[in-house]
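This report walks through one protein model, element by element. Please keep the sequence and the structure in view while reading.

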Amino acid sequence: MSVSTGDRPAVVDLTGQATAFLEAMAGGRDGLLHVHVPHATCGVVLMELGSGSEADLLDALERLLPHEEGRWRHRHGSAGHGADHVLPLVVPASLSLPVLAGLAALGTWQSIALVDPNRDNPTRRVRLSFLPG
């Protein structure tokens, strides 16, 4: 699927799309949901959303991987873009979740989110797959 993240750092909720995907593909079965972003500068996480956590995450990433001009050897793109290429060491490009009776086995406050601090790519691809158990 295609996800628009715009021209600023973003955390995008993918839980609804993943749920719809499982409704269509899992057919009530158990298995695994795999979520993958085929990009070098964004990733996916499980986290609480809607309580300010998105801004907290982006602030923490900026403190850990600042987008300062001249700080990174990798220098194409916007200022500090090299930080985005180090992101996968902190935010993985994929995750797998158990699926029980056709539903992702998420905790009460867990959501699936795309994390994209890269200002240079406003559209991302997300690949979902289901492996029956």
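In which sense do strand 3 and strand 5 pair, and over how many bridges? The two strands, of which strand 3 covers residues 31-36, pair in the antiparallel sense over six bridges. The model described here is a predicted one.

## Strand 3 and its two partners

Strand 3 also pairs with strand 9, again through six bridges and with the strands running antiparallel. H34 can be followed to both sides: its bridge partner in strand 5 is S96, and its bridge partner in strand 9 is S129. V35 of strand 3 has L95 as its bridge partner in strand 5.

H36 is also part of strand 3. With a relative accessible area of 25%, H36 is partly exposed. Leaving out residues up to four places away in sequence, H36 touches A93, S94, R125, V126 and R127. One polar link can be named here: the side chain of H36 reaches the backbone oxygen of A93 at 3.4 Å. H36 and L114 are 78 residues apart in sequence, while their C-alpha atoms are 9.6 Å apart in space.

## Strand 5 and the hairpin

Strand 5 spans residues 94-100, and its side chains alternate between two faces. Which of them are buried? L95, L97 and V99 point to one face and are buried, whereas S94, S96, P98 and L100 point to the other face and are not.

Strand 5 is joined to strand 6, residues 103-104, by two bridges, and the two strands run antiparallel. L100 stands opposite L103 of strand 6. The hairpin formed by strand 5 and strand 6 has two residues between the strands, and A101 in this hairpin takes a positive phi near 50°.

## Helix 1

Helix 1 runs over residues 15-25, and T15, A18, F21 and L22 in this helix are buried. Seen down the helix axis, the buried residues fall within an arc of 125°, so they line one face of helix 1. E23 and A24, on the other side of the helix, are exposed.

What covers the buried residues of helix 1? The cover includes strand 2, strand 3, strand 5, strand 6, strand 7 and strand 9, the last of these being residues 127-132. Just after helix 1 comes G27, which takes a positive phi of about 55°.

## The three-stranded sheet and helix 2

Three strands form an open sheet in the order 2-7-4, with antiparallel pairing. Its edge strands are strand 2, residues 10-13, and strand 4, residues 43-47, each of which pairs on one side only. Neighbouring strands of this sheet are turned by 35° against each other on average, direction ignored. Strand 4 and strand 7, residues 111-116, run antiparallel and are joined by five bridges. Within this pair, G43 stands opposite V115 of strand 7.

Helix 2 packs on this sheet and touches strand 2, strand 4 and strand 7; the direction of the helix makes about 140° with that of strand 2. Helix 2 covers residues 53-64, with S53 among them. Is S53 buried or exposed? S53 counts as buried because its relative accessibility is 17%, and the cut-off for buried is under 20%. Not counting residues up to four places away in sequence, S53 touches M47 and E48.

## Two nonpolar cores

In soluble globular proteins, nonpolar side chains tend to be buried together. In this model, the largest nonpolar core has 21 residues, and L14, L33, V35 and L114 touch the most other members. Strand 2, helix 1, strand 3, strand 5, strand 7 and strand 9 are the elements that give two or more residues to this core.

L114 has contacts with V3, T5, A10, V11, V12, L14, V37, C42, G43, V44 and R124, not counting residues up to four places away in sequence. There is also a second, separate core of 14 residues, which includes V11, M47, L49 and L65. V11, in this second core, is one of the residues that L114 touches. M47, also in the second core, is one of the residues that S53 touches.

Conventions: Residues are numbered from 1 along each chain as its sequence is written. This is a predicted model: local features need pLDDT of at least 70, side-chain atom pairs count only at pLDDT 80 or more; totals for chains, interfaces and linings use all residues. Side-chain values use heavy atoms; hydrogens and water are left out. Buried means under 20% relative accessible area, exposed over 50%, partly exposed in between (1.4 Å probe, protein chains only). Helices (H or I, at least four residues) and strands (E, at least two) are DSSP runs, numbered from the N terminus. Two strands pair if DSSP finds at least two bridges between them. Contact means heavy atoms within 4.5 Å. Axes are lines fitted to C-alpha atoms, for helices over the stretch in contact, and angles run from 0 to 180 degrees between N-to-C directions. A polar contact is a pair of N or O atoms within 3.5 Å; within protein, one must be able to donate a hydrogen and the other to accept it, and residues adjacent in sequence count only if both atoms are side-chain atoms. The arc is that of the directions from the helix axis to the C-beta atoms. A nonpolar core is a set of buried Ala, Val, Leu, Ile, Met, Phe, Trp, Tyr and Cys residues joined through side-chain atoms within 4.5 Å.
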